[in-house]
Structure formats: structure tokens, C-alpha cells
Amino acid sequence: MGKVILTGDRPTGKLHIGHYVGSLRERVALQNEGGFDKIYIMIADAQALTDNAENPQKVRDNIIEVALDYLACGLDPNKSTILIQSMIPELTELTFYYMNLVTVARAQRNPTVKSEIKMRNFENNIPVGFLAYPISQAADITAFGATTVPAGEDQKPMLEQCREIVHKFNTLYGETLVEPNILLPKNSACLRLPGLDGKAKMSKSLGNCIYLSDEPEDIKKKIMSMFTDPNHLRVEDPGETENNPVFIYLDAFCKDEHFKEFLPEYNNLDELKAHYQKGGLGDVKVKKFLNNVIQQELEPIRTRRKEWETKTAEVYEILKQGTAEAKKVAEQTLHNVRSAMKINYFD
Ligand code: ATP
Ligand code: MG
């Protein structure tokens with residue numbers, strides 16, 4: 001079967017630096033290292049509709065935005081297959097069969113879904129599709145025989161649920177599906193990048209983001225007004241670095257080389273943190289440094305994005321071809337699934 005990656009994003013907005021450090025940066029690295037036989041990158045529009053049913057236009061508009069972000073970050077359609085979920089109806093059919101392998105209680109126990117229900121005020125009116133989206137995610141992953149899913153920490157319960165479905169399916173109907181593993185970022189700051197407002201997660205739905213496509217002056221404004229340690233009022237006060245988003249972003253982005261270039265009085269992040277903890281280092285100075293680091297990282301991405309923005313017809317063609325190629329693989333998996341379940345009446 002080989003080593004296969006499946007991962008993706010919901011087209012609910014442009015992609016942000018949380019996506020970048022949580023999954024996108026790793027995908028591009030894995031793609032360029034060439035250690036995988038196949039890489040599928042999915043724009044999960046059907047999943048986005050599970051909590052945006054009243055707004056399909058938003059989902060439609062963001063398909064191209066997400067695709068542009070992918071290409072801007074260096075995903076290469078010659079090495080990775082980019083596909084649109086809803087254009088592969090086999091995924092929906094797989095979901096329908098897998099639903100029978102999951103109890104309502106189990107679906108309700110998924111901690112990521114639980115917190116998203118709260119965040120969306122869905123408590124008393126959860127769409128069935130929303131509760132079931134991890135099952136549809138299991139269909140996406142298994143349809144392509146994925147062995148590896150590079151994703152942020154919020155996806156851990158999804159992968160757990162997927163593995164349970166695979167196990168149950170294979171036990172009931174015979175060895176058919178591949179059990180996937182999540183690939184989390186090695187750097188713990190990247191597992192769940194907090195929002196600019198200090199909230200636990202930078203998220204499109206919360207609007208507390210630095211987008212990959214933001215202009216330099218917007219990035220600067222956002223960084224300079226970021227949440228930091230609320231008790232670090234004066235420069236001489238000792239400050240906390242641990243739950244401080246400014247330092248978490250530095251953990252996620254900065255390298256020793258950045259100090260030589262932008263802040264030569266320190267050798268590395270440990271020294272900067274020690275000074276902040278001791279007192280005598282102001283937020284403005286740290287934020288200016290963070291701004292330089294992030295600007296440097298995002299500049300080439302923004303430039304490439306602007307080039308692709310002039311060629312959207314080509315981008316749609318990439319999506320169309322990627323989807324057609326992926327559909328063939330999903331058809332084969334569905335065929336195997338139906339055979340295993342003995343619902344292949346006319347074969
Ligand atoms: P939505 O609010 O619509 O759910 P989102 O910002 O959570 O959007 P998704 O499309 O759900 O983004 O997530 C896509 C991928 O990015 C997943 O692998 C997820 O783990 C990762 N990811 C999203 N937000 C973060 C974050 N703040 N830190 C690290 N990884 C993240
Ligand atoms: Mg999400």
C-alpha cells in the first residue's frame with residue numbers, strides 16, 4: 001500500500017499562521033523530502049457545510065482562497081494531489097456505512113466536537129451532520145488509504161475515532177481499511193497556536209488570526225496590539241513567558257539566526273525569555289522582534305500568492321485534475337468496502 005498522507009482544511013476562511021505551523025509547513029516539508037508515495041490535500045467543503053449550511057456561498061468563496069494559500073506555501077500540484085471533498089460522492093457513501101459503526105454516545109464524547117459545539121452555541125440544536133463530521137473525516141482518510149495525517153492537536157480525537165472505525169470495520173467485514181496515524185508538530189508551541197486575543201486557539205471562526213495573506217502593515221498592527229502577560233505592566237516588572245502568546249509565537253517561528261539579524265544583543269530565545277522573566281524588558285521591544293520574524297517568514301508566501309491570484313483559472317484546473325485523480329482511488333476503496341460488506345449485489 002505504501003506511505004500515504006491525507007490532510008486538509010475547511011474552506012471557512014483564508015488560512016492563518018496557526019494552520020501554517022500546525023500542519024501546512026510540515027506538509028510542504030514532507031512533500032519536498034519525497035518520503036511518501038502519495039500526498040492528498042483535501043479542501044473539506046462538505047465538512048464546512050456541517051456548521052455553515054445557511055451559508056454555502058461562504059464555503060464556495062473560500063475554496064479558491066484555501067487553494068491559493070496552499071500554492072503560496074509551496075504545495076506543488078506535481079507532487080501533491082489537491083482535491084475538493086464534495087466533488088467525490090464516494091466519500092459520502094463511505095460515511096453512510098461508517099455511521100453504523102459509531103454510537104451517538106461515542107460521537108458526543110469527542111472532546112474537539114464538544115468544545116466546538118459550545119463555541120458555536122449549538123448545545124440545544126446540533127446539526128446531525130456536525131456531530132457526524134468526524135465519521136466523514138474517517139471516510140476521507142480511509143478512502144485514500146492514508147497512513148499518516150499531519151495535523152494540529154485538535155485533530156487527535158478525530159484520528160482516535162477514525163482508528164476505532166477502521167478496527168471495527170476490519171473486525172466485522174475482514175481486513176479492508178488502513179489504520180492511520182496522526183503526525184503532530186514536534187514543536188509543542190505549534191500543536192495549538194493561540195489567538196491574538198490570548199484565546200486557546202487561533203481559529204478562522206473566532207477571527208483572532210494573522211492570515212497568510214495579510215499585508216505587512218496589518219500584520220504589524222495585529223502584533224503590536226496583541227495580548228501579552230496582563231501583569232507585566234511596566235518595563236521593570238517581571239513577566240511570564242509561558243502562557244504569553246507573543247512568546248508562544250516566537251517559540252513557533254523564531255530561530256537563532258533571527259537574533260543576529262534583528263536583535264543582536266541576545267543570542268537566542270532562552271536569553272530573551274530570561275530577561276523578560278527577570279524584568280526590564282518591555283513588550284514593545286519583544287513585539288517588534290516578533291513582527292520582524294513573522295514578516296520575514298510570510299513575505300515570500302504573500303508574493304507567491306499574489307502571482308497565483310492572477311491565474312485563478314489555472315488554480316481551478318489544478319483542483320479539477322486533482323479531484324479527478326483522487327476520485328479514482330476513492331472509487332476503488334468504495335468497491336472494496338462494498339465487497340467486504342457483501343453489498344455488491346451485481347458483481
Ligand atoms: P474552523 O474554525 O472553521 O474550524 P480552523 O481555523 O479550526 O477553522 P481547520 O480547517 O478546522 O481550521 O483546521 C485545519 C488544520 O489546521 C487542522 O490540521 C488543524 O489541526 C490545524 N489548525 C487549525 N488551527 C490551528 C492552530 N491554532 N494551531 C495549530 N494547528 C491548527
Ligand atoms: Mg477547526
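How close do the axes of helix 3 and helix 14 come, and at what angle do they cross? Select residues 283-309, which form helix 14, together with helix 3, and keep in mind throughout that this is a predicted model. The two axes come within 8 Å and cross at roughly 125°, and helix 3 and helix 14 are therefore oblique to each other. Viewed along the line of sight, helix 3 passes helix 14 in a right-handed crossing.

Next, show the side chains at this crossing. From helix 3, select Glu 65, Leu 68, Asp 69, Leu 71, Ala 72 and Cys 73, and from helix 14 select Ile 301, Arg 304, Arg 305, Trp 308 and Glu 309, since these residues make the contact. Coloured by class, they divide into six nonpolar and five charged residues, with no polar residue in the contact.

Stay with Leu 68, which lies in helix 3. Its relative accessibility is 4%, and because buried means under 20%, Leu 68 counts as buried. Leaving aside its neighbours within four places in sequence, Leu 68 is in contact with Arg 305, Trp 308, Glu 309 and Val 315. For a sense of scale, draw a distance from the C-alpha atom of Leu 68 to that of Tyr 266, which is 198 residues away along the chain; the separation is 37 Å.

Now turn to the nonpolar interior. The largest nonpolar core has 62 residues, and those with the most contacts inside it are Ile 17, Tyr 70, Leu 212, Tyr 249, Leu 250, Leu 272 and Ile 294. The largest share of this core, nine residues, comes from helix 3, which spans residues 56-73. Centre the view on Tyr 70: beyond its neighbours within four places in sequence, its contacts include Gly 8, Asp 9, Leu 15, Leu 24 and Arg 27, and also Ile 41, Met 42, Ile 43, Leu 75 and Ile 82. Apart from this core lies another, of 44 residues, among them Val 4, Leu 94, Phe 130 and Val 337.

For the next stop, select helix 4 (residues 90-98) and helix 8, which pack with their axes 8 Å apart at an angle of about 120°. That angle makes helix 4 oblique to helix 8, and the crossing of the pair is right-handed. Helix 4 contributes Leu 91, Leu 94, Thr 95 and Tyr 98 to the contact, while helix 8 contributes Ile 135, Ser 136, Ala 138, Ala 139, Asp 140, Thr 142 and Ala 143. By class, these are seven nonpolar, three polar and one charged.

Keep helix 8 (residues 133-143) on screen and add helix 9 (residues 156-173), whose axis comes within 9 Å of that of helix 8 and crosses it at roughly 70°. Helix 8 is thus roughly perpendicular to helix 9, and this crossing is right-handed. On helix 8 the contact is made by Tyr 133, Pro 134, Ile 135, Gln 137, Ala 138, Ile 141 and Thr 142, and on helix 9 by Met 158, Leu 159, Gln 161, Cys 162, Ile 165 and Val 166. This contact has 10 nonpolar and three polar residues, and no charged ones.

Finish at Ala 107 in helix 5, residues 104-109, which at 5% relative accessibility counts as buried. Not counting residues up to four places away in sequence, Ala 107 touches Val 102, Leu 131 and Gln 161. The C-alpha atoms of Ala 107 and Leu 131 are 6.3 Å apart in space, although 24 residues separate them in sequence.

Conventions
Residues are numbered from 1 along each chain as its sequence is written. Chains are lettered from A and ligands numbered from 1 in the order in which they are written. This is a predicted model: local features need pLDDT of at least 70, side-chain atom pairs count only at pLDDT 80 or more; totals for chains, interfaces and linings use all residues. Side-chain values use heavy atoms; hydrogens and water are left out. A nonpolar core is a set of buried Ala, Val, Leu, Ile, Met, Phe, Trp, Tyr and Cys residues joined through side-chain atoms within 4.5 Å. Buried means under 20% relative accessible area, exposed over 50%, partly exposed in between (1.4 Å probe, protein chains only). Helices (H or I, at least four residues) and strands (E, at least two) are DSSP runs, numbered from the N terminus. Contact means heavy atoms within 4.5 Å. Axes are lines fitted to C-alpha atoms, for helices over the stretch in contact, and angles run from 0 to 180 degrees between N-to-C directions. Angles under 35 degrees count as roughly parallel, over 145 as roughly antiparallel, 65 to 115 as roughly perpendicular and the rest as oblique. A crossing is left-handed if the near helix is turned anticlockwise from the far one by less than a right angle, and right-handed if clockwise. Ala, Val, Leu, Ile, Met, Phe, Trp, Tyr, Cys and Pro count as nonpolar, Asp, Glu, Lys and Arg as charged, and the others, Gly among them, as polar.
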